[in-house]
Amino acid sequence: MMLLFRSDWKSARLPSHPTSSMRRILCAMAVFVSLMISLVQTNLLHSSVTYVWPQNVGGDFDAPPQYNQSSSTIMEARRLAMDPRSRMKHHFEQLIFHNDRQVKPLSLYHVVPRQGPSLDKNDIVLTTHLSHTKFQNLLLQLQFWNGPASVAVYIKEENEIDLLFDFLEEHEQEVRQASFHIVMEKTSQLQYPFNTLRQAALDGVESDYFLAMDVDLIPLPQNCHGNLTETLARIEVPNKNKHLFVLPAFSIAPSPGEKFASPEMLPSSKQEAKKMVHQNQMIQFHKNSFPQGHRPTQYDTWLQNVPGTTTDDPIYKINLTLEESVRYEPYVVGYKPGIPRYWEDFRGFGFDKISFFRECYAAGYRYFVLKDFFCAHLDHPNNLRYQNRMRKKNIPYYRKFDSYLEVTYPETKQHRIRIK
């Protein structure tokens, strides 16, 4: 239509003094061209990124920010569309600074997509999350996983966007199998939104199965993805979508005189892991601070199993009690369709992961432990006093979640058991 107007205009013999009707035609053409430019700018600006705008009842985040089209040119819009770094900075500039827990961060999906062929629906994708301080942990996790991953990165200052993209450019080969999503907000007081990031990573999974991890946990043994995918394929349980498959979690303490456990201390096989456990070099995760979080995994049963026994069932069942279900927070392989969502009201430490597994139990999920797989945490200094403060701040939101469970799953009676 625009070309037709241009052709007519060029071929017409205009009088030296345009009439009023001709002036109206020229004005209409000018308006039309302006609208077309705006449409091109908008389409280029938002291409190739899926985003979810934060929700805030009565606040400033009820709708996407309004872009100042008059300050952008077509070339600038094209640059934003082609350069993820610039596009993320543009999104960040539009955010409004706040310290309100009711305001949800902005989630941007597949900002840097995974490289490689499309995934089979039965493939397992590792889900993980982090801020810019944990980039080296991510490299180690991806190295041992050696498979597709969905990674959510938290951004709350503009310079962290540069830190992320500098890291991705420097380690392009190491992260090529990972898809990166960004969860961003402008804040100075709000704590790390664990469950919002976990949910973003889960939403970004491109297959039916996921391995839910935190970035400090290393999936083992090495080349975990390939071996785990093969094992899952031969597991015979009815209604696999209602089952969660647990990787027993362990802690590796630093060497004497050191503050951080070294990656060189990671066991290369289950046999080596069993030896480290017997020598007290590796223990159940959170055994001394919160043993209920992983005790139902039945570590003694896992340690007694001979790894790689082809005639043996690769899993054993956990008969989780109601009392145990309100404290259990393992690391699991799960079936994505129909899985409960993470409760996103929590900030910082306390109740975040437990709430997810409480709802899974209430929704009828059952647990099985993978005999030949595990994960390990390289211990580092923790500020327990700070974590306890965060936990207390989360108590009102945990009570809100408890009420949600009571209404949604009244038959489970979980709401009658309180975590002290």
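**Buried serines, helix packing and aromatic pairs in a predicted model**

With a relative accessible area of 15%, serine 131 is buried (under 20% relative accessible area, with over 50% counted as exposed and anything in between as partly exposed, using a 1.4 Å probe and protein chains only). The model is a predicted one, in which local features need pLDDT of at least 70 and side-chain atom pairs count only at pLDDT 80 or more, while totals for chains, interfaces and linings use all residues. Residues are numbered from 1 along each chain as its sequence is written, and side-chain values use heavy atoms, with hydrogens and water left out.

Serine 131 is found in the loop between strand E3 (124-130) and helix H5 (135-145); helices (H or I, at least four residues) and strands (E, at least two) are DSSP runs, numbered from the N terminus. Once residues up to four places away in sequence are set aside, serine 131 touches Tyr154 and Tyr192, a contact being heavy atoms within 4.5 Å. A second serine, serine 207, belongs to the loop between H7 and strand E6 (209-212). Serine 207 is also buried, and its relative accessible area is 5%. Along the sequence, serine 207 and lysine 121 are 86 residues apart, yet their C-alpha atoms are 4.5 Å apart in space. Leaving aside neighbours within four places in sequence, the contacts of serine 207 are Asp120, Lys121, Asp123, Ile124, Val125 and Lys336.

For the wider setting, the protein chain has 13 helices and 14 strands. Of its 420 residues, 49% count as buried. Among contacts in the chain between residues at least 6 apart in sequence, 84% join residues at least 24 apart.

Helix H12 is a good place to look at burial. Eleven of the eleven residues of H12 (residues 352-362) are buried, so this helix is largely enclosed by the rest of the structure. Those buried residues pack against helix H7 (194-203), strand E8 (243-247), helix H11 (322-325), strand E12 (331-335), strand E13 (366-370) and helix H13 (384-408). Just after H12, glycine 364 takes a positive phi of about 100°.

Two packed helices are described by the angle between their axes and the distance between the axes. The axes of H7 and H12 come within 9 Å and cross at roughly 55°, where axes are lines fitted to C-alpha atoms, for helices over the stretch in contact, and angles run from 0 to 180 degrees between N-to-C directions. H7 and H12 are therefore oblique to each other (angles under 35 degrees count as roughly parallel, over 145 as roughly antiparallel, 65 to 115 as roughly perpendicular and the rest as oblique). Their crossing is right-handed, the near helix being turned clockwise from the far one by less than a right angle, whereas an anticlockwise turn would be left-handed. Phe194, Asn195 and Arg198 of H7 make this contact with Asp352, Lys353 and Ser355 of H12.

Another helix pair joins H4 (residues 84-94) and H6 (residues 159-170), whose axes come within 10 Å and cross at roughly 165°. That makes H4 roughly antiparallel to H6. The crossing of H4 and H6 is right-handed. On the H4 side the contact is made by Pro84, Arg85, Met88, Lys89 and Phe92, and on the H6 side by Ile161, Asp162, Phe165, Asp166 and Glu169.

Aromatic rings come next. A search of the whole structure finds 22 aromatic pairs, counting rings of Phe, Tyr and Trp (its six-membered ring) with centres within 6.5 Å, and classing planes under 30 degrees apart as stacked, over 60 as edge-to-face and the rest as tilted. The rings of phenylalanine 250 and tyrosine 299 have centres 5.2 Å apart and planes at 85°, so this pair is edge-to-face. Phenylalanine 250 lies in strand E9 (residues 249-252) and tyrosine 299 in helix H10 (residues 299-304), so the pair ties together parts that are 49 residues apart in sequence. Phenylalanine 250 counts as buried at 2% relative accessibility, and tyrosine 299 is buried with a relative accessible area of 8%. The rings of phenylalanine 356 and phenylalanine 357 have their centres 5.1 Å apart and their planes at 80°, so they too form an edge-to-face pair. Both phenylalanine 356 and phenylalanine 357 are buried. One aromatic cluster is formed by Trp343, Phe346, Phe351, Tyr398, Phe401 and Tyr404.

Lysines also meet rings. The charged end of lysine 270 sits over the ring of tryptophan 302, 4.1 Å from its centre (NZ of Lys or CZ of Arg must be within 6 Å of the ring centre and within 35 degrees of the ring normal). Lysine 353 lies over the face of tyrosine 331, at 4.0 Å from the ring centre.
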